[in-house]
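Visitor: Please take me through one part of this model at close range, slowly enough that I can follow each step on the screen. I would also like to know how that part sits among its surroundings.

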Amino acid sequence: TSATASDFQAAGGITETDQWRLTANHSGVGTITANWERNDTTGFGLLGTGMSESSGIFTFPSTGYWFVIFKSMLNSSAASLYVRGGIEYTPDNGTYSIVANDYGQCYAASSYGGTNSSFLFDITDLTNHKVRFALGQNHGGTPQFFGNTDINKTYATFTRLGDT
């Protein structure tokens with residue numbers, strides 16, 4: 001017989017995994033504060049309670065070691081060698097710092113790129129330990145992360161690996 005998710009959980013395996021995506025494009029540098037939705041495409045599987053989100057700030061449902069991956073599809077209105085997709089973290093529910101970055105490149109106006117950043121968190125305080133995602137760049141033009149309500153273009157995956 002094949003194992004089920006509850007069999008895996010009972011054996012001490014992964015108990016939480018969730019995925020959120022942008023539903024509309026996000027233009028300009030800064031924190032992504034709107035247009036987030038939990039993946040609802042046929043085939044998606046939420047395990048556990050899942051993350052909660054408010055104005056682009058993600059709250060963890062349980063303590064433990066969490067692996068967070070942020071991937072983006074992007075472009076810029078002008079050539080830009082460094083368009084940044086980053087994960088930001090707060091240990092005190094207010095002061096955020098960048099903990100992971102990846103840089104995509106747009107060699108010409110309207111060319112496409114992508115970023116892939118990740119971080120392993122030790123979440124011990126559900127009230128204060130939170131994450132958010134941001135777009136940045138160091139050249140001219142307006143950078144943009146792509147969003148879509150039907151498929152993942154810019155998205156974050158959250159997986160609880162075990163107890164802290």
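Guide: A residue is called buried when its relative accessible area is under 20%, exposed when it is over 50%, and partly exposed in between. Asparagine 93, with a relative accessibility of 39%, therefore counts as partly exposed. Please keep in mind throughout that this is a predicted model. Asparagine 93 belongs to the loop between strand S8 (80–90) and strand S9 (97–106), and its phi is positive, about 60°, although the residue is not a glycine. Most residues other than glycine have a negative phi. Serine 55 also has a positive phi, near 50°, and is placed in the loop between strand S5 (52–54) and S6.

From that loop we can move on to strand S6 and the part I would like to examine closely, the aromatic cluster formed by Trp20, Trp36, Phe58, Phe70, Phe133, Phe145 and Phe158. Two rings are paired when their centres lie within 6.5 Å, and by this rule the count comes to 12 aromatic pairs. In one of them, tryptophan 36 and phenylalanine 58, the ring centres are 5.2 Å apart and the planes stand at 85°, so the arrangement is edge-to-face. This pair joins distant parts of the chain, since tryptophan 36 is in strand S4 (residues 36–38) and phenylalanine 58 is in strand S6 (residues 57–59), with their positions 22 residues apart in sequence. Tryptophan 36 has a relative accessible area of 9% and is therefore buried, while phenylalanine 58, at 0% relative accessibility, is buried as well.

Phenylalanine 58 also pairs with phenylalanine 158, at 5.2 Å centre to centre, but here the planes make an angle of 35° and the pair is tilted. Because phenylalanine 58 lies in strand S6 and phenylalanine 158 in strand S13, this pair ties together parts that are 100 residues apart in sequence. Phenylalanine 158 has 0% relative accessibility and so counts as buried.

Strand S13 offers two further residues to look at, one ahead of it and one within it. Threonine 154 sits in the loop between strand S12 (143–145) and strand S13 (155–162), and at 0% relative accessibility this threonine is buried. Its side chain reaches the backbone nitrogen of methionine 73 at 3.4 Å. Beyond its neighbours within four places in sequence, threonine 154 has contacts that include Arg21, Leu22, Lys71, Ser72 and Phe146, and also Phe70 and Phe145, two residues that belong to the aromatic cluster. Leucine 161, by contrast, lies in strand S13 itself and is partly exposed, given its relative accessibility of 42%. Together with Tyr65, Phe67 and Leu120, leucine 161 forms a nonpolar patch on the surface, with about 340 Å² of accessible area together.

For a last view, turn to the loop between strand S10 (112–123) and strand S11 (130–137), where aspartate 125 is found. With a relative accessible area of 25%, this aspartate is partly exposed. Its side chain reaches the backbone nitrogen of threonine 127 at 3.0 Å and makes a polar contact, at 2.9 Å, with the side chain of asparagine 128. Measuring across the model from C-alpha to C-alpha, aspartate 125 and alanine 24 are 31 Å apart in space and 101 residues apart in sequence.

How values were computed. Residues numbered from 1 in each chain as written. Predicted model: local features only at pLDDT ≥ 70, side-chain atom pairs only at ≥ 80, totals over all residues. Heavy atoms only, no water. Helix = DSSP H or I, 4+ residues; strand = E, 2+ residues; numbered from the N terminus. Buried < 20%, exposed > 50% of the residue type's maximum accessible area, 1.4 Å probe, protein only. Polar contact = N/O pair within 3.5 Å; in protein donor to acceptor, adjacent residues only side chain to side chain. Contact = heavy atoms within 4.5 Å. Patch = residues over 30% accessible without salt bridge, like charges linked within 9 Å, V, L, I, M, F, W, Y side chains within 5 Å. Areas by Shrake-Rupley, 256 points an atom, 1.4 Å probe, with all protein chains shown as cover. Salt bridge = Lys/Arg side-chain N within 4 Å of Asp/Glu carboxyl O. Phe/Tyr/Trp six-rings, centres within 6.5 Å; stacked < 30°, edge-to-face > 60°.
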